[in-house]
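Colleague: I should like to request a close look at a single part of this protein. Please consider the structure shown below before you reply.

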Amino acid sequence: MKFVVDTNVVVSGVLRPASKPGRILDLMLAREFSYAGSTELVEEYREVLKRPKFGFDAALVDTLVDGLAAGAEFVVPYPQRGVISNDPKD
């Protein structure tokens with residue numbers, strides 16, 4: 001079984017390392033479980049973590065995201081038809 005880790009889990013894990021999302025990040029970086037990713041998702045992690053409101057160092061963000069990407073099994077997502085979301089950003 002593979003997992004996809006949403007960006008909000010990554011951000012929460014960085015903001016609160018002792019939290020459950022923080023533990024997930026630790027497990028991802030240690031390659032303790034299999035997870036899937038895509039180029040788009042990795043770039044979303046990077047873009048969101050570099051937002052000024054968080055104040056994270058860009059080089060540290062790159063190091064973290066590169067580490068997460070290194071452990072991911074990359075997949076090519078395809079558009080889902082008939083999926084409706086109330087959030088226009090989704």
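Is R31 buried or exposed? Please begin there, and then describe the surroundings in which this residue is placed.

Modeller: The model is a predicted one. R31 is exposed, because its relative accessible area is 52% and the term applies to values over 50%. This residue lies in the loop between α2 and β2, the strand of residues 35–37. Its backbone also deserves attention. Most residues other than glycine have a negative phi. R31, however, has a phi near 55°, a positive value in a residue other than glycine.

To place this loop, one may follow the chain as a whole. The protein has four helices and three strands, and from the N terminus on these elements run in the order β-α-α-β-α-α-β. The loop of R31 thus has helix α2 on one side and strand β2 on the other.

Helix α2 comprises residues 20–29, and its axis comes within 8 Å of the axis of helix α4, residues 58–71. The two axes cross at roughly 65°. On the α2 side the contact involves L25, M28 and L29, which meet L64, G67 and L68 of α4. Of the residues in this contact, five are nonpolar, one is polar and none is charged.

Helix α4 also takes part in a contact of another kind. Side chains of opposite charge can pair when their charged atoms come close. In a salt bridge of this model, D62 is joined to K50, with the closest N and O atoms 2.8 Å apart. D62 belongs to helix α4, whereas K50 lies in the loop between α3 (39–49) and α4, so that the pair links parts of the chain 12 residues apart. Both partners are partly exposed: D62 has a relative accessible area of 23%, and K50 has 35%. The pair belongs to one network, in which salt bridges that share partners join E43, R46, K50, D62 and D66.

The whole structure contains six salt bridges. Among them is the pair of E73 and K2, whose side chains meet at 3.2 Å, N to O. E73 lies in strand β3 (residues 73–74) and K2 in the segment before β1 (3–4); the pair therefore ties together parts that are 71 residues apart in sequence. E73 is partly exposed at 41% relative accessibility, and K2 is partly exposed with a relative accessible area of 41%. Another of the salt bridges is formed by E47 and R51, with the closest N and O atoms 3.1 Å apart. Here too the partners are partly exposed, E47 at 43% and R51 at 34%.

Finally, the overall form may be considered. Of the 90 residues of the protein, 30% count as buried; R31, being exposed, is not one of these. The accessible surface comes to about 6,400 Å², and 56% of it belongs to carbon and sulfur atoms. The C-alpha atoms fill a box of roughly 40 × 30 × 25 Å, taken along the principal axes. A compact globule with 90 residues would have a radius of gyration near 12 Å, and the 14 Å of the protein agrees with this. Among contacts between residues at least 6 apart in sequence, 63% join residues at least 24 apart.

Conventions. Residues are numbered from 1 along each chain as its sequence is written. This is a predicted model: local features need pLDDT of at least 70, side-chain atom pairs count only at pLDDT 80 or more; totals for chains, interfaces and linings use all residues. Side-chain values use heavy atoms; hydrogens and water are left out. Axes are lines fitted to C-alpha atoms, for helices over the stretch in contact, and angles run from 0 to 180 degrees between N-to-C directions. Helices (H or I, at least four residues) and strands (E, at least two) are DSSP runs, numbered from the N terminus. Contact means heavy atoms within 4.5 Å. Ala, Val, Leu, Ile, Met, Phe, Trp, Tyr, Cys and Pro count as nonpolar, Asp, Glu, Lys and Arg as charged, and the others, Gly among them, as polar. A salt bridge is a side-chain nitrogen of Lys or Arg within 4 Å of a carboxyl oxygen of Asp or Glu. Buried means under 20% relative accessible area, exposed over 50%, partly exposed in between (1.4 Å probe, protein chains only). The radius of gyration is taken over C-alpha atoms; the globule rule is 2.2 Å times the number of residues to the power 0.38. Accessible areas come from the Shrake-Rupley method with a 1.4 Å probe; for residues, only the protein chains shown count as cover.
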